[in-house]
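Hi,

Here's the structure I promised to pass on to you. Have a look at it first, then read my notes underneath.

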Amino acid sequence: MQPFSVLDLFKVGIGPSSSHTLGPMRAAGRFVDGLTQQNLLARVAHVRVNLYGSLALTGIGHSTDKAIILGLQGLDAATIEPDLAEQLFQATRVKSELFLAGHRLIPFNVSDSIRFMGDIFLPEHPNGMRFSALDVAGIELLAETWYSVGGGAIANELAKNSAQRDLLQEFPDPRLYPFRNGDELLHQCTGHHLSIAEVIRDNEMALLATPASLLVWVDSISQTMLSCMQRGMSLEGALPGGIKVQRRASRMAQALRQRPNDDLSAIDWVTVYALAVNEENAAGGRVVTAPTNGSAGVIPAVMGYLKYHREDLLANWLQTFLLTCAGIGWLYKRNASISAAEMGCQGEIGVASSMAAAGMAAVLGGTPEQVEHAAEIAMEHHLGMTCDPVAGLVQVPCIERNAFGAVKAMQAARMALSEPGDHCVSLDECIETMRQTGEDMTSKYKETAQGGLAVNVVVC
């Protein structure tokens, strides 16, 4: 297994969900890869897919069926154009056939071939799926169980401790500065006189990265985020899904441009930036998981504030921002989870806000202790946040939550920068509290659309 890179927390894909869209698409692609590697592709006459638990309960609203179909065709979420993805999905629905692995045409009636089994939760993770390939006689050629474990990460049925399957190789590898938690990260910073971003940078360099490739990564991720934001601020109309949620970022941006700036104008723009990204996500557009699709607007919104509303930043601030965000996000992924199906929305919006707060504090000159404090403050005030998507869509309350997560991140960073870093609650304690809260939270408040606003808001 290749050692885990913290940079993998940021993945380019399409909306609306990293766990329910990107993850299943990648899992379907891996299943098809297995068929190809075992020379079974030519014998496949039918493919069946069972979706379980949270993946099934909100799968339609999260476009899981679309993702499965795209993945079975061997398409890459990072490169496929969103408009083409929708066209291919609709073509499969109409024609009841698809090109398996991109070149073998097989019958595929969507309603028969993809089954949503929301009353069954597989023991390894709430987001489970099983793929089966059959020959013309109905004999099973290959069957695999996969789990979508948050942020687009996936694990097969052989993985144990599913919340950490991408982290099974810790740091007994070429990394220079190993750490497993926030305290150890701060110890590395103090012991080597490095910032958090520098620790992450040097560790990545010791893996596979080069200075040039790291710059390419920073440019790719930041430009994808900004392009998504700009597109979201240019479009109007209703979002897909049937509940007629209207895009607001464009009209809010127009109104802001026409009125004089005041002391809170920057906060208004941050709200617009976050709404724009998550409206694009809800529409199935290209986004960056940060660390998930449902929370994709928080980090770009804070990044937008730094880019467009600050003129006092160092030349390499984007690298500092993204590497710090990634390092903090890795702590959550390793020691808890970034899956709303496991943690509720605290594991998405809360984690994104914590990452963004740390990144902003670092860019504005915070010490490692202040950066850690900023991350802790942001999460502390998201603890217990439930995931209750109305109509199973990543729209209400998800889009607005990104705006508030971004604003909380900014305030957390500013508070931390006014303190020396000697705070009462550590980031590690906050992460552990989030984990325990998520485990104690009843499943109806964890991306199943069976509680909260999802059942109390009447959808006409």
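**What lines the cavity**

The lining of the largest cavity is a mix: eight of its residues are nonpolar, eight are polar and four are charged. Before you go further, keep in mind that this is a predicted model.

How many cavities of 30 Å³ or more does the structure hold? Just one. The volume of the largest cavity comes out at about 150 Å³. There are 20 residues around the largest cavity, and if you want to find its centre, go to Gly294, Glu348, Cys387, Val394 and Cys398, which are the closest to it.

Where does the lining come from? Domain 1 (18-166) and domain 2 (182-445) each give at least three residues to the lining of the largest cavity. Among the helices, α1 (18-37) and α16 (398-417) each put in at least two.

**Two helices that cross**

Next, find helix α8 (residues 211-232) and helix α10 (residues 265-282). They pack with their axes 7 Å apart, at an angle of about 90°. Angles from 65 to 115 degrees count as roughly perpendicular, so that is what we call α8 relative to α10.

Which residues make the contact? On the α8 side, pick out Met225, Cys228, Met229, Arg231 and Gly232. On the α10 side, they are Tyr273, Ala276, Val277, Glu279 and Glu280. Sorted by type, the residues of this contact between α8 and α10 are six nonpolar, one polar and three charged.

Try colouring both spots in your viewer as you read.

Cheers

Notes:
Residues numbered from 1 in each chain as written. Predicted model: local features only at pLDDT ≥ 70, side-chain atom pairs only at ≥ 80, totals over all residues. Heavy atoms only, no water. 1 Å grid on protein atoms, 1.4 Å probe; cavity = no way out; pocket = protein on both sides within 12 Å on 5 of 7 lines; lining within 4 Å. Points joined across faces, edges and corners; volume = space filled by probe spheres on them. Helix = DSSP H or I, 4+ residues; strand = E, 2+ residues; numbered from the N terminus. Nonpolar A, V, L, I, M, F, W, Y, C, P; charged D, E, K, R; others polar. Domains from an automatic or database assignment. Axes fitted to C-alpha atoms, helices over the stretch in contact; angles between N-to-C directions. Parallel < 35°, antiparallel > 145°, perpendicular 65-115°, else oblique. Contact = heavy atoms within 4.5 Å.
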